[in-house]
Amino acid sequence: AKMAGKNCYRFYSRAMDQAVERRVRMEQELRGAWERGELSLLYQPIHRLSDRKVVGAEALLRWQHPQLGSVPPSVFIDVAEHSGLIEIIGPQVLRTACAAAARWGAGLAPSDLPFVSVNVSARQLHSGDLPELVAGCLRDAGLPASRLHLELTETAVISDEAHASALLSKLHRAGVRVWLDDFGTGFSGLSHLRRVPVDGVKIDRSFIADLQRDPDDLALTTAIIAMAHSLGITVVAEGVEKEAQADLLHERGCDLAQGYWFGYPMTSAEFDQLLR
Ligand code: C2E
Ligand code: CA
Ligand code: CA
Ligand code: CA
């Protein structure tokens, strides 16, 4: 038994070493990835459900590494957050997304110009001066604040509610919209929406996937929509893969939707084409 335990320990320790090694390697590779042109942004259209019109796009980061291949953001964003690299990559994402959005829809009426929605991680929220960074990016791109949305996760906001609330108020006053991402997956519930100034909630795609079959998911989604609307908050559904889901969401009063049924993440130029 003692021997088995020892072997077991050795096995896990080696597996752990490998996992740590992989992360360290990834962190090293991620450093400078932007400068080497390995990181890029794709934009996934967001549609208004009432008339199915494109009203904006979410910026999604992609990493194409020469040896590792395409690394999913669910993996490398985590590495970037824990290593602090997100404090370098985050501002580059914001700058690039604002510049791209400023070029979209040239010649269209101002009211038809789409917004860009940028993911901001917890670490970015709690370090440096986000409102100042945002103001700088908007100014340099010549993008009106109303055309920038920031997506923050529920957990990032509730981990330090007082600080987050002050920060978000500042952004809000500057005209930037703030959305709570992956809504419904945290444990915060809607009580936080009274204290934290948010303009929208994005219902997590885990609620949308089974909407037509699971009565609990439909009930929760319907409740989120009703409560958000009573507080004057916009509701966005993510992960819409079927027309029937879009129809059901529209019927329940959901405002906006995003997902493979409407469009996959695409380049900035492709998104601009979509507006024509
Ligand atoms: P997220 O913010 O929840 O982004 C939505 C994810 O759902 C994206 O995955 C998108 O490609 C995917 N998706 C969109 N429509 C559908 C659909 O109909 N069905 C399914 N199954 N999936 C759909 P992606 O691009 O792999 O990004 C994963 C996560 O990485 C994002 O989740 C976000 O949390 C993070 N992320 C991506 N880009 C950035 C970034 O620039 N900064 C930060 N901080 N995080 C980012
Ligand atoms: Ca998001
Ligand atoms: Ca999300
Ligand atoms: Ca999600």
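This is a walk through a predicted model of one protein chain and its calcium ions, from the overall fold down to single residues.

Let us begin with the whole chain. Its secondary structure adds up to 12 helices and 9 strands. The radius of gyration of the chain is 20 Å, close to the 19 Å that the globule rule gives for 276 residues, so the chain is as compact as a globular protein of that length. If you turn the model to follow its principal axes, the C-alpha trace spans about 70 × 45 × 40 Å.

Next, look at how the chain is packed. Of its 276 residues, 46% count as buried. Take the contacts between residues at least 6 apart in sequence: 68% of these join residues at least 24 apart. On the outside, the chain exposes about 13,800 Å², and carbon and sulfur atoms supply 54% of that area. The chain also carries 29 positive and 35 negative charges, and the mean positions of the two groups are 5 Å apart.

Now we can move to the calcium ions, starting with ligand 2. Which residues hold the calcium ion (ligand 2)? Its protein donors are E58 (OE), N119 (OD1), E151 (OE) and D181 (OD), at 2.2 to 2.3 Å from the ion. Read along the sequence, these donor residues follow the spacing E-x60-N-x31-E-x29-D. Two of them show how distant parts of the chain are linked here: E58 sits in strand β2 (residues 54-65) and D181 in strand β6 (residues 177-183), 123 residues apart. Both E58 and D181 are buried.

D181 leads us on to the next ion. This residue bridges the calcium ion (ligand 2) and the calcium ion (ligand 3), which lie 3.9 Å apart. With a relative accessible area of 8%, D181 falls under the 20% cut-off, so it counts as buried. The calcium ion (ligand 3) is coordinated by D181 (OD), D182 (OD) and, listed twice, E238 (OE), at 2.3 to 2.5 Å. The donor residues of this ion are spaced D-D-x55-E in sequence.

D182 takes the story one step further. It bridges the calcium ion (ligand 4) and the calcium ion (ligand 3), and those two ions lie 3.5 Å apart. For the calcium ion (ligand 4), the protein donors are D182 (OD), D204 (OD) and E238 (OE), lying 2.4 to 2.8 Å from the ion. Along the chain these donors follow the spacing D-x21-D-x33-E. D182 lies in strand β6, while D204 lies in the loop between β7 (200-203) and α9 (205-208), so the pair ties together parts that are 22 residues apart in sequence.

Is D204 buried or exposed? Its relative accessible area is 11%, so D204 is buried. D182, in contrast, has a relative accessible area of 25% and is therefore partly exposed. There is something else to see at D182: its phi is positive, about 50 degrees, although it is not a glycine.

A positive phi turns up at R52 as well, with a value near 65 degrees in a residue other than glycine. To find R52, look in the loop between β1 (39-48) and β2. At 26% relative accessibility, R52 counts as partly exposed.

Two more loop residues are worth a stop on the way. The first is S121, placed in the loop between β4 (115-119) and α4 (122-125). At 11% relative accessibility, S121 counts as buried. What does S121 touch, leaving aside its neighbours within four places in sequence? It is in contact with E81 and I86.

The second is G84, in the loop between α2 (73-83) and α3 (86-103). G84 has 15% relative accessibility and so counts as buried. You can use G84 to get a feel for distance in the model: its C-alpha atom is separated by 27 Å from that of G184, which is 100 residues away along the chain.

To retrace the calcium path, find D181 between ligand 2 and ligand 3, then D182 between ligand 3 and ligand 4.

Terms used
Residues are numbered from 1 along each chain as its sequence is written. Chains are lettered from A and ligands numbered from 1 in the order in which they are written. This is a predicted model: local features need pLDDT of at least 70, side-chain atom pairs count only at pLDDT 80 or more; totals for chains, interfaces and linings use all residues. Side-chain values use heavy atoms; hydrogens and water are left out. Helices (H or I, at least four residues) and strands (E, at least two) are DSSP runs, numbered from the N terminus. The radius of gyration is taken over C-alpha atoms; the globule rule is 2.2 Å times the number of residues to the power 0.38. Buried means under 20% relative accessible area, exposed over 50%, partly exposed in between (1.4 Å probe, protein chains only). Contact means heavy atoms within 4.5 Å. Accessible areas come from the Shrake-Rupley method with a 1.4 Å probe; for residues, only the protein chains shown count as cover. Lys and Arg count as positive and Asp and Glu as negative; His and the chain ends are not counted. The place of a charge is taken as NZ of Lys, CZ of Arg, CG of Asp or CD of Glu. Donors are N, O and S atoms within 2.8 Å of the metal (3.2 Å for Na, K and Ca); water is not among the atoms, so sites may look incomplete.
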